[in-house]
Amino acid sequence: MKQIAYEYRNLPIPGGGYVTGLLYHKKKKNLLYARTDIGGTYRFDAEKQRWISLIPHVTMEDLSESFPISFALDDDKPEMLYIACGVNAEKSGVLAISEDYGESFRYERIPVMIHGNLNGRGTGERLLVDKDDADTLYFASQKEGLWISRNVGKDWRKLTALPEDYLTFVSQVRNALLVGTAGVTTKDEKNNMRGHSLYVSYDNGESFEKLTQPESRKIEGCRFDGLVAQHWCMDECYLYITFASTGKRSYVIENGYSCDSGDTIDGRIARYEFDADGKISVFCEITPASAKPVTGIGQEAISKGEVLEYGFSGISVSEQTPGLLVTSTIVKDDGDSVFLSKDYGASWQQILYDLEDGEIRFRAPYMRPECNGGHSLIHWLSDIKINPFDDNEAWFNTGTGVFRTRNLKDKDCFFTDWNDGLEETVHLNVYSMPKGEIQVIDVLGDLGGFAFAELDKPCDNSFADKEGNRYITCINADFSDEHPEWLIVTPRGNWTGKTKGGLILSKDQGRTFERLPMPFGLTKDLDEALHFIECPNVNSGWVAMSPDGRNIVWSVADGIELPVTRLIMSNDGGRKFQCCKVYEASGELKLTGKLKVYADRVDSRLFYGFGEHSDFYISKDGGYSYHEYTLPEEFPKVNFGLIDCANKTEVRGETGKKGVFYLVVGEGGLWKLKYNEETDGVSLKKLSKDGDVVFRVGLGLGSPNGDYYKDKKAIYCNAVMDGVYGFYRTLDEGKSFERINTDRQMFGDINSIDGDCRVFGRFYLATGSNGVKYGEEVH
């Protein structure tokens, strides 16, 4: 098979997702790593001031490295990097080991479940390289206890002396092994209270004892009480540990102890001393209690029952200035805070909170307060690190990338988002625009959607209402090839409630949007579904729009499913809707199952429905009624009726052609479907070879001087062809394919592909791991 050289770049968001942790090397200057929940691990290039992804080799066949839960470094060998990662399956944990700063890896297994995108992912490091013996590794698993390997991960043994299985971190503190736990295995069920959170071992994990900690409290309105240790740090004098408890709004119980579960409460910070033998000794509380310069609230305030309405998580000390440390809140109203102390935590100054204290100088346009309801978008600030070689520099993570300051100790300290190269948003669908100023429409998780006029420049804002309030997590979009300025999208409403889910319509290619009226009153089930969609962060469903823009068909979602009974349509551009009628081949009304609908790219009367068992339907009246057509037996049975990341198919209608669609169905391959209205017949042709696995497909300009509306299209796909995973292109309807990537151009999870309608050879990747990318031939 012919190989064509391609280069790939990101359409810059940048940032956009949850960076779960930061890690400096203690002895090598300018060596900083970041781990993310779904986008793998990054290394910061201090010379170029850019983040470098360490997962360009990861494929859809094994996404383990996309989901790191922890990383670790060897103090004496800075080139070594260890990453614990996995895909949320039993005994499938992966230990990725690099000897060249993450440029290449070898792999061992960790016999537990690991996944970097589960609740609790924002706590301290669970992976530890023994400072006295680099062959010895410890791993504090998410719910299967503490493990040790004496041979760099080849073999593992559970340290059964630890009574708790739900862990948050493991560390070496002088001559002690310190473990943070979530207190689930040891919980007091009668009082609905977590068990003890801190344990210490002085014999390398063969025995453990409880380490004294702040007292947990019963808090009215909380469903599971008890403090959970989050992060730790240590200077020459003290050990510092942050704590949080499950909040009143937490939607997760057992693992609802970090920032990613709704909320936390009763934040505390404990400062421990060491005795003459170097053992961890007594503690005092040094918890900052307000926005102004304060002393720690201490035991006196605790005894009065004072409870902070947020937790504490990140904490870091200076290696240069004695007594200097920083800490961060988690899930504080209107954004998290950063506190600074210059006296070992005896007093604190809040140096950052929303727009009230401190300053953030935003670089990414969508992060500006005017795009976020007039507030800072800082949230999930679970980790903060001071540069061990320059304590004027500090970085913190958020749910939308990383921020840093280079003047931490100054009175006018300010922070800046710095996510150049860090692209870890989950992109669900991507669409090349056939004409107009906008080149690409990108819909994605959390941030909603972007309309790119320039491929290498961030957009001014994501999809938003007239006041600039963002819609989030758009599932799909549709547009008219005839009038591509018309764009309809299925967003979720944002967490603040300032936008609501449903359908939003643009008539200027995504620059501005109007939210269509919700069609209440059709059925009781639909009313309940529509009211739920108006709640924050709820899937709206799937939408299709006719070429003339008048006929709109909406599959109203039930989670990730598209029930056929929730299929509705409008023939007046979305002002009024009615329920659709779907008929099985027998002529009976279809009342069960799922259906996803696509519009014909030419004829506004025609819509096509794809069901959960490859059942297929056609509407000839603008999307109101659908009748089943039997597909050939050889076409695979797959479920088209799912959305979001559960969707394992892709369907592309061919611009300029009536009744023509390209379908990919995984192991079933790549197919071309044609509907001939004159004969009222449907034909299918398989374009890939038997045995080839095809995941996603998109159509692009077929030749350098071609006409996208009239000529044959280039077909782009990611697939396993002849046993080799990669990205492929065919210019002759599958007679021959060309591979257009290398083994270092894989980019993790791929949710959608589209070819460029105007530039031959260019195509787009909506990844679930590494942002949205475009590829072009190297000439």
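Trainee: Which residue in β47 is the bridge partner of tyrosine 608?

Mentor: In this predicted model, strand β46 covers residues 607-611 and strand β47 covers residues 616-619, and the two pair in the antiparallel sense over four bridges. Tyrosine 608 has its bridge partner in β47, and that partner is isoleucine 618.

Trainee: Which strands stand at the edges of the open sheet?

Mentor: Five strands form this open sheet with mixed pairing, and their order is β44-β48-β47-β46-β45. A strand at the edge has a single partner strand, so one side of it is left without a neighbour in the sheet. That is the situation of β44 (581-583) and β45 (595-599).

Trainee: By what angle are neighbouring strands of this sheet turned against each other on average?

Mentor: The value is an average over neighbouring strands of the sheet, and direction is ignored. Taken in that way, the turn is 25°.

Trainee: Is threonine 425 buried or exposed?

Mentor: Threonine 425 lies in the loop between β32 (415-417) and β33 (427-432). Leaving aside neighbours within four places in sequence, its contacts include Ile13, Leu444 and Thr767. Its relative accessible area is 2%, and since buried means under 20%, threonine 425 counts as buried.

Trainee: With which side chain does the side chain of threonine 425 make a polar contact?

Mentor: The contact joins two side chains at 2.6 Å. The partner of threonine 425 in this contact is histidine 427.

Trainee: Which residue is joined to isoleucine 13 by a cis peptide bond?

Mentor: Most peptide bonds are trans. Here, however, the bond that follows isoleucine 13 is cis, with omega of about -25°. The residue joined to isoleucine 13 is found in the loop between β2 (6-10) and β3 (19-24), and it is proline 14.

Trainee: What is the phi of lysine 91?

Mentor: Most residues other than glycine have a negative phi. Lysine 91, in the loop between β8 (77-85) and β9 (93-98), is exposed at 57% relative accessibility. Its phi is positive, near 55°.

Trainee: What is the relative accessible area of aspartate 446?

Mentor: Aspartate 446 is found in the loop between β34 (440-444) and β35 (448-452), and it has a positive phi of about 65° although it is not a glycine. It counts as partly exposed, with a relative accessible area of 43%.

Trainee: What pLDDT does the protein average?

Mentor: Of the residues, 98% score at least 70, but over residues 291-299 the pLDDT is below 50. The average for the protein is a pLDDT of 95.

Terms used. Residues are numbered from 1 along each chain as its sequence is written. This is a predicted model: local features need pLDDT of at least 70, side-chain atom pairs count only at pLDDT 80 or more; totals for chains, interfaces and linings use all residues. Side-chain values use heavy atoms; hydrogens and water are left out. pLDDT is the predictor's confidence in each residue, from 0 to 100. Contact means heavy atoms within 4.5 Å. Buried means under 20% relative accessible area, exposed over 50%, partly exposed in between (1.4 Å probe, protein chains only). Two strands pair if DSSP finds at least two bridges between them. Axes are lines fitted to C-alpha atoms, for helices over the stretch in contact, and angles run from 0 to 180 degrees between N-to-C directions. A polar contact is a pair of N or O atoms within 3.5 Å; within protein, one must be able to donate a hydrogen and the other to accept it, and residues adjacent in sequence count only if both atoms are side-chain atoms.
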